[in-house]
Amino acid sequence: MRATIGGMEFELAFTVEAQKKVEEKFGGMDKNHIEQIFDTTDRVKFFNNMTFMAATLINAGNHREAVRRMAMGEKYEPREAMTPEQAGALTAPGEIPELERAIIGAINEGNKLTIEIEPLKTKNAEATRSE
């Protein structure tokens, strides 16, 4: 799964390595934990979660490609590891929806399953609908 942030394209990979990092940070990968990761109620927390996930999956994709090429006897200069702060610096707020879809796609692809996140209802959305 590929994602473009800051005008640069990155390979996102949900590997065992990535899953361990995600589980260490969020406490698991069951439905409740996944919903917590993609919860938009607290926008700052959501942005932090998206940049953590982006950096983790970018680094896993880079590491996987480096290992794959080394196994084939090819020379490969991997990119330096990206931090969540760097991912945040590269990502414009308008890129978040596309990044979120790419992250979900990478998780689905890595797990060979489908994860669906239902949009959360916010107080503002409820107030708008009731007017």
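A residue is called buried here when its relative accessible area is under 20%, exposed when the figure is over 50%, and partly exposed in between. That yardstick will come up often on this walk through a predicted model. F46 is a good place to try it: with a relative accessible area of 2%, F46 is buried. F47, at 29%, is partly exposed.

Let's step back for the overall plan. The protein chain holds six helices and two strands, and in sequence order they read β-β-α-α-α-α-α-α. Of the 131 residues in the chain, 35% are buried. If you take the contacts between residues at least 6 apart in sequence, 65% of them join residues at least 24 apart. The chain exposes about 8,500 Å², with carbon and sulfur atoms supplying 51% of that area.

Now start with the strands. In a regular strand, side chains alternate between the two faces of the sheet. Strand β1, residues 2–5, shows such an alternation: A3 and I5 are buried and point to one face, while R2 and T4 point to the other face and are not buried. The partner of β1 is β2 (residues 8–11), which runs antiparallel to β1 and is joined to it by four bridges. Across from A3, in β2, you will find F10. Two residues lie between the strands of this hairpin, and G6 adopts a positive phi near 60° there.

Moving along, we come to helix α1, residues 16–26. Which of its residues are buried? They are A18, V22 and F26. These residues lie on the same side of α1 because they cover an arc of only 45° around the axis. Turn to the other side of the helix and you meet V16, K20 and E24, which are exposed. The buried residues of α1 pack against two other helices, α2 (31–37) and α3 (43–71). After α1 comes G27, which has a positive phi near 90°.

F26 deserves a longer look, as it brings us to the aromatic rings. Searching the whole structure turns up two aromatic pairs. In one of them, the ring centres of F26 and F52 are 5.7 Å apart and the planes meet at 80°, so the pair counts as edge-to-face. This pair ties together distant parts of the chain, since F26 belongs to helix α1 and F52 to helix α3, 26 residues apart. Both partners fall under the 20% cut-off for buried residues: F26 has a relative accessibility of 8%, and F52 has 14%. The other pair takes us back to our opening example: F46 and F47 are tilted, with 45° between their planes and 6.1 Å from centre to centre.

There is also a charge to notice beside the F26 and F52 rings. The charged end of K25 sits over the ring of F26, 5.6 Å from the ring centre. K25 also lies over the face of F52, at 5.1 Å from the centre of that ring.

For a last stop, follow helix α3 to N62. Is N62 buried or exposed? Its relative accessibility is 13%, so N62 counts as buried. Setting aside neighbours within four places in sequence, N62 is in contact with Y76, P78 and R79.

Terms used. Residues are numbered from 1 along each chain as its sequence is written. This is a predicted model: local features need pLDDT of at least 70, side-chain atom pairs count only at pLDDT 80 or more; totals for chains, interfaces and linings use all residues. Side-chain values use heavy atoms; hydrogens and water are left out. Buried means under 20% relative accessible area, exposed over 50%, partly exposed in between (1.4 Å probe, protein chains only). The arc is that of the directions from the helix axis to the C-beta atoms. Contact means heavy atoms within 4.5 Å. Rings of Phe, Tyr and Trp (its six-membered ring) pair if their centres lie within 6.5 Å; planes under 30 degrees apart count as stacked, over 60 as edge-to-face and the rest as tilted. A charge sits over a ring if NZ of Lys or CZ of Arg is within 6 Å of the ring centre and within 35 degrees of the ring normal. Two strands pair if DSSP finds at least two bridges between them. Accessible areas come from the Shrake-Rupley method with a 1.4 Å probe; for residues, only the protein chains shown count as cover.
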